[in-house]
Amino acid sequence: MTSALCRSSLAAVLLLAPLSFLAAQGDSVFSHADTLRGSLTAPERNWWDVTYYDLHVKVMPADSSIRGRNGISYKVVGPSTAMQIDLQEPMQVDSMTQDGQLLEYQRDGSALFVSLKSAQTVGAIKTITIYYHGQPRAAKRPPWDGGYIWARDSLDRRWIATANQGLGASVWWPNKDSQADEPDSQRVVVTMPDPMYDVSNGRLRNTTTNADSTTTYDWFISSPINNYDIAVNAGQYAHIGDSYKGEAGNLTLDFYPLDYHEAAARAEFSQVRPMLKCFEHWFGPYPWYKDGYKLVETPHLGMEHQSAVAYGNHYQNGYLGRDLSRTGWGKKWDFIIVHESAHEWWGNNITSKDIADSWVHEGFANYAENLFAECQDGPRAGSEYVIGTRPLIQNKVPVVGRYGVQNDGSGDMYYKGGNMLHTIRQVINDDRKWRRILRGLNLTFWHQTVTGQQVQDYISRESGIDLSKVFTQYLTTVMIPVFEYKVDADVLSYRWGNVVPGFAMPVRARLNDKGFTLLHPTEEWQTVKLSINSAEGFQLDRNFYVTATDVGLNPPKN
């Protein structure tokens with residue numbers, strides 16, 4: 001497939017550390033701009049609730065510029081006439097209007113502070129329209145650094161896409177750039193030069209051929225959507241249509257590969273059906289039956305754009321052909337199809353209010369890889385896969401970032417997040433209950449934004465186990481629990497070390513030849529009878545993400 005690789009994405013094949021773009025940020029100094037973007041309680045933001053975006057964009061690849069307007073409809077939930085709208089530089093506002101009146105505004109970096117003239121009556125639905133233009137930031141290492149991707153396919157034809165998670169949708173269109181506030185629905189109208197075809201989110205309602213050799217594509221998303229998911233994907237695509245009979249009825253499947261990749265796409269995209277079957281079993285119905293499921297080939301590796309998942313894995317299994325777990329299981333399926341589609345439940349259906357809680361997106365999507373391996377090849381495959389990813393965990397910075405300052409935390413949200421969830425499954429020790437919890441999360445928080453704490457509390461409540469210390473340990477520290485033990489004749493002494501105060505997670509251990517026994521260590525020493533004569537015979541169940549240390553003949557004092 002090498003000859004078909006997009007020129008701009010060849011560098012992606014050379015990446016040796018997947019998803020390493022989320023650098024450790026423990027020593028970061030956060031700016032005024034970070035606070036403006038990250039704050040969820042700013043007075044200019046919290047008095048209005050977005051209900052609808054009406055986004056129109058004309059894309060002009062000749063000079064890498066765009067021009068457009070966005071009508072922001074919102075419900076007034078508190079009295080105010082000062083509004084913050086986000087649009088990152090170098091994008092420029094031409095004008096703003098409401099109720100036929102021009103509005104004044106002041107720019108503070110990427111934030112626009114607007115003075116409204118019309119009465120803002122609590123409960124009313126109002127609309128403000130922003131006209132704008134500019135050359136949006138070009139992504140140099142997409143999708144990790146974000147922005148517009150101005151690429152060419154292997155036939156030297158223009159190929160354009162957007163990818164802006166983390167950086168924010170305001171890199172190319174004006175909006176309330178916070179994951180905490182999603183519109184109930186959205187329109188995306190994209191005008192592209194012929195013969196390019198645009199694929200955006202939702203369903204295509206209308207196509208208009210223009211006199212200036214451009215075509216306008218009118219897409220409509222009938223469900224809530226987070227703003228970083230809104231996408232432009234334009235190229236010379238083939239279309240493959242299909243359908244899937246799922247839990248909520250008939251789901252349309254639409255695949256958009258570059259035209260010369262149609263045959264390869266038909267073969268690779270056959271993995272979508274078993275993926276959907278697996279995820280609907282574990283997580284509940286696909287959340288966007290009204291808007292359908294699409295895979296769109298892009299010049300970047302991939303992104304979870306709701307109902308229009310970006311795909312750039314070059315029609316091969318694994319992650320760019322590699323198995324991240326180094327177990328062999330990860331080469332049996334296409335990583336991008338599985339991981340990015342899992343975000344339709346984890347990240348799109350359930351969206352974290354603050355990106356500091358991005359483990360809710362990435363930890364669960366990583367864990368979904370484990371579950372898909374299990375669906376395909378059984379429990380052993382799933383367990384070996386997730387355990388095999390542990391060497392990729394760095395444990396330098398806590399998983400959870402700092403709240404209110406647009407901070408993701410660390411890339412450990414992926415592999416450590418997945419291993420934490422796999423460990424919690426072992427603690428619950430009841431797969432039927434675990435499945436009810438995963439499905440219950442998606443039902444309880446259906447099409448909602450949440451805090452990480454809400455997710456933690458739900459899992460503890462529904463499992464009947466207080467898991468608060470487990471979440472604290474794995475999400476807010478870099479310490480991996482250490483099972484300290486010593487064997488003296490036929491007695492095992494044990495306790496937890498390297499843990500937060502009050503940590504008392506159960507763990508399974510082999511104490512005899514009959515299998516594993518559930519132990520309940522605390523920070524205090526306990527003893528149990530061993531029927532294995534040598535220390536080498538004792539072991540912990542590897543499905544728990546912990547380490548074990550033989551402390552010798554004299555255990556440490558408390």
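Helices and strands here are DSSP runs, numbered from the N terminus. The model is predicted.

**Stop 1: Ser358**

Select Ser358. This residue sits in the loop between strand 21 (350–352) and helix 5 (359–377). Is Ser358 buried or exposed? Its relative accessibility is 6%. The cut-off for buried is under 20%, so Ser358 counts as buried.

Now show the side chain of Asp408. A polar contact of 3.0 Å joins it to the side chain of Ser358. Leaving out residues up to four places away in sequence, Ser358 touches Ser352, Gly363, Asp408 and Met413.

**Stop 2: the disulfide**

Stay with helix 5, but move to Cys375, which lies in that helix. Which residue is joined to Cys375 by a disulfide? The partner is Cys278, with an S to S distance of 2.2 Å. A search of the whole structure finds one disulfide. Such a link is a covalent bond between the sulfur atoms of two cysteines.

Cys278 belongs to helix 3 (residues 272–283) and Cys375 to helix 5, so the pair ties together parts that are 97 residues apart in sequence. Check the torsion about the S-S bond of Cys278 and Cys375. It is about 75°, so the disulfide is right-handed.

Color the two cysteines by accessibility. Cys278 is buried, with a relative accessible area of 4%. Cys375 is at 35% and counts as partly exposed.

**Stop 3: helix 3 against helix 4**

Keep helix 3 and add helix 4 (residues 335–342). Two packed helices are described by the angle between their axes and the distance between the axes. For helix 3 and helix 4, the angle is about 35° and the axes are 10 Å apart. Their crossing is right-handed.

Which residues meet here? Helix 3 brings Val272, Met275 and Phe279. Helix 4 brings Ile337, Val338, Ser341 and Ala342.

**Stop 4: a four-stranded sheet**

Select strands 27, 24, 23 and 29. In the order 27-24-23-29, these four strands form an open sheet with mixed pairing. Strand 27 (526–529) and strand 29 (547–550) stand at the edges. Each has a single partner strand, so one side of each is left without a neighbour in the sheet. Neighbouring strands in this sheet are turned by 30° against each other on average, direction ignored.

Zoom in on strand 23 (residues 482–488) and strand 29. The two run parallel and are joined by four bridges. Finish at Val482. Its bridge partner in strand 29 is Thr547.

How values were computed. Residues are numbered from 1 along each chain as its sequence is written. This is a predicted model: local features need pLDDT of at least 70, side-chain atom pairs count only at pLDDT 80 or more; totals for chains, interfaces and linings use all residues. Side-chain values use heavy atoms; hydrogens and water are left out. Buried means under 20% relative accessible area, exposed over 50%, partly exposed in between (1.4 Å probe, protein chains only). A polar contact is a pair of N or O atoms within 3.5 Å; within protein, one must be able to donate a hydrogen and the other to accept it, and residues adjacent in sequence count only if both atoms are side-chain atoms. Contact means heavy atoms within 4.5 Å. Two strands pair if DSSP finds at least two bridges between them. Axes are lines fitted to C-alpha atoms, for helices over the stretch in contact, and angles run from 0 to 180 degrees between N-to-C directions. A disulfide is a pair of cysteine sulfur atoms within 2.5 Å. A crossing is left-handed if the near helix is turned anticlockwise from the far one by less than a right angle, and right-handed if clockwise.
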